[in-house]
Amino acid sequence: MVFPKDKVDYSLYLVTDSTMLPEGTTLYSQVEAGLKNGVTLVQLREKDTDTKIFIEEAIAVQKLCKAYDVPLIINDRIDVALAIDADGVHVGQSDMPIPMVRQLLGPDKIVGWSVGKTSEVETLAQWGTDMVDYIGIGMVFPTETKKNPRKSPMGPTGVIDILNALETTQATWCRTVAIGGLHPNNIPRVLYQCVSHNGKRALDGISVVSDIMASDDAGASTKILRGLLDYSKFEYIPLDFSHQENITSKDIKDTLSQVQKNHPLVQHMTNKVHQNFGANVTLALGSSPIMSEVPSEVDELASVPNAALLLNTGSVAPVEALKEAVRAYNERKRPIIFDPVGYSATQTRLTLNNTLLQYGQYTCIKGNSGEILSLAKLNQGKMRGVDAGDDKVDKALLARATRLVAFTYKTIAVCTGEYDFIADGTMSSSYRLGHGVGELSANDIPCVMIEDGPIPLMEKITASGCSLGTAIAALVGGLSPNGIAFNAVVSAVLLYKSAGKLASLNCRGSGSFHVHLIDALDQLFTTNDPSSWTAKVEIV
Ligand code: 3NM
Ligand code: MG
């Protein structure tokens with residue numbers, strides 16, 4: 001009997017590899033432990049096994065799968081799949097072409113394909129509904145399992161590109177699993193972030209090799225994976241994401257009161273130009289600054305109550321130190337504000353920023369218009385420097401870019417300039433497997449614009465943009481548990497802009513503007529009367 005295609009559960013797909021079995025386990029004991037604890041699909045993938053043995057293994061694994069009513073897929077070997085009447089076949093880009101596979105297997109078997117590029121999705125869509133049933137999207141992260149990989153890790157954004165391509169080509173029938181370097185420490189983030197921009201498609205499941213096959217307790221490992229798949233929230237900071245766009249003075253006042261009470265610690269990993277001014281801005285906002293790029297103390301610092309990390313890539317610190325800090329803050333569910341300075345100005349910066357973006361979850365991503373447009377892939381070519389460049393872009397484009405960045409990275413994105421845009425792509429920090437997430441598309445997520453007229457002096461001093469990052473980190477870090485993250489980000493931008501306006505009216509030039517800005521931040525923060533601030537919010 002053929003396993004009915006429409007009944008396949010792709011949520012937890014185990015791919016075998018007998019070369020990594022721990023002592024005292026066998027291929028069969030690992031597969032059975034998986035099946036017992038929530039594996040829903042099995043692929044026999046044995047790259048260096050003689051045909052006779054492969055067939056023996058396939059028959060034995062098939063028996064196990066049948067006992068748990070789970071389909072068995074054979075990797076690459078169409079002959080073996082036919083010989084044992086397996087439920088389907090999985091092939092890669094350099095294996096037998098899909099139309100031939102389908103012709104040999106007939107219409108009822110499951111056919112899976114490894115996909116890493118959007119052009120492959122276009123091919124798949126042209127073939128139509130009867131060819132490919134599911135794709136393995138990868139590799140997501142680096143992995144030791146696949147020897148001599150012909151592709152490099154694509155990260156969650158690469159997976160999103162594939163999901164977008166499936167939607168634009170209307171390949172609705174095709175199911176998806178992500179594969180490559182997936183483990184409990186990154187799976188919730190992958191499930192959370194990987195949603196097509198139209199909001200209609202999330203991953204149907206994840207596929208693992210080593211997490212189960214190389215586990216000393218494959219049953220326990222499977223149970224952990226199963227728990228992550230069945231749970232639907234990615235709780236990476238203890239803050240609330242529910243909010244309204246029409247933030248009131250009372251909401252802001254409440255936010256600042258929490259910060260005043262909680263005295264956050266803002267760890268800065270930032271460029272040299274910003275360090276001194278950033279420390280003074282932190283102090284003006286009732287918070288403690290610490291400038292540290294030492295990996296050995298990130299765990300201690302992230303454990304301080306109300307710690308927040310400002311990660312600013314303006315001076316290109318060693319990537320391993322930055323990654324360590326991201327890990328430490330993510331593990332402790334403390335907020336990280338990411339400022340990808342000069343995001344794509346050079347290849348080095350592009351690689352560094354993308355590495356960090358793929359590596360962790362950020363509460364807020366803040367950039368100038370050039371950086372946000374680059375992150376959203378909405379501008380041509382690379383940036384000229386770390387400044388915003390031509391500022392004469394239209395507001396609708398900036399709002400769209402901010403929304404795209406927020407949605408793609410499931411973060412609160414801030415685009416700065418004369419008009420600041422803030423979009424909330426956090427989706428209440430929830431995820432759901434399968435067809436569509438039943439949520440908003442990237443074009444529909446909440447977005448506000450903040451304006452206070454031009455403040456030309458802001459451009460005449462160093463680190464004014466970087467220090468908005470400081471202000472956001474202080475206010476988000478200073479929230480009480482269940483404080484509202486979006487309110488903190490909006491409050492920070494409003495406060496900073498209003499302080500800039502006030503300083504520009506009181507100063508005598510760019511030198512004294514610097515000093516007046518610190519005074520104004522201190523004053524507005526301490527008096528906490530947002531109804532008197534000059535900057536205004538507008539829903540866009
Ligand atoms: N295919 P692990 S990555 C079998 O990208 C396989 O197509 C990949 O192993 C692809 O879960 C991969 O141990 C190995 O990282 C995944
Ligand atoms: Mg292959």
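**Met139 and its cis peptide bond**

In this predicted model, Met139 lies in the loop that runs between the strand β6 (134–138) and the helix α6 (155–168). The peptide bond that leads into Met139 from Gly138 is cis, with omega near 0 degrees.

**The surroundings of ligand 1**

Gly138 and Met139, the two residues joined by that cis bond, also belong to the shell of ligand 1, where they are listed among the closest residues together with Thr143, Thr145 and Ser210. The shell is made up of 16 residues, and the elements that give two or more residues to this shell are β6 and α8 (210–213). Sorted by class, the shell around ligand 1 holds eight polar residues, six nonpolar residues and two charged residues.

**Two residues with positive phi**

Gln170 has a phi near 55 degrees, which is a positive value in a residue other than glycine. This residue sits in the loop between α6 and β7 (175–179). Gln170 counts as exposed because 8 other C-beta atoms lie within 10 Å, where the cut-off for an exposed residue is 12 or fewer.

Ser428 likewise has a phi near 55 degrees, a positive value in a residue that is not glycine, and its place is in the loop between β15 (419–424) and β16 (447–451). Is Ser428 exposed, partly exposed or buried? Ser428 is partly exposed, because the count of other C-beta atoms within 10 Å is 13, and partly exposed residues fall between the limit of 12 or fewer for exposed and that of 20 or more for buried.

**Two domains and their contact**

The chain is divided into domain 1, which covers residues 5–230, and domain 2, which is assigned in two segments, 249–427 and 442–539. The centres of domain 1 and domain 2, taken over C-alpha atoms, are separated by 40 Å. The contact between the domains takes eight residues from domain 1 and seven residues from domain 2.

Which helix supplies the largest share of the side of domain 1 that touches domain 2? That share, four residues, comes from α6, the helix that follows the loop holding Met139 and precedes the loop holding Gln170. On this side of domain 1, α6 and α7 (187–193) each supply at least two residues. By class, the residues of domain 1 that touch domain 2 divide into four polar, three nonpolar and one charged.

Methods:
Residues numbered from 1 in each chain as written. Chains lettered and ligands numbered in written order. Predicted model: local features only at pLDDT ≥ 70, side-chain atom pairs only at ≥ 80, totals over all residues. Near = placed C-beta within 6 Å. Nonpolar A, V, L, I, M, F, W, Y, C, P; charged D, E, K, R; others polar. Domains from an automatic or database assignment. Contact = placed C-beta atoms within 7 Å.
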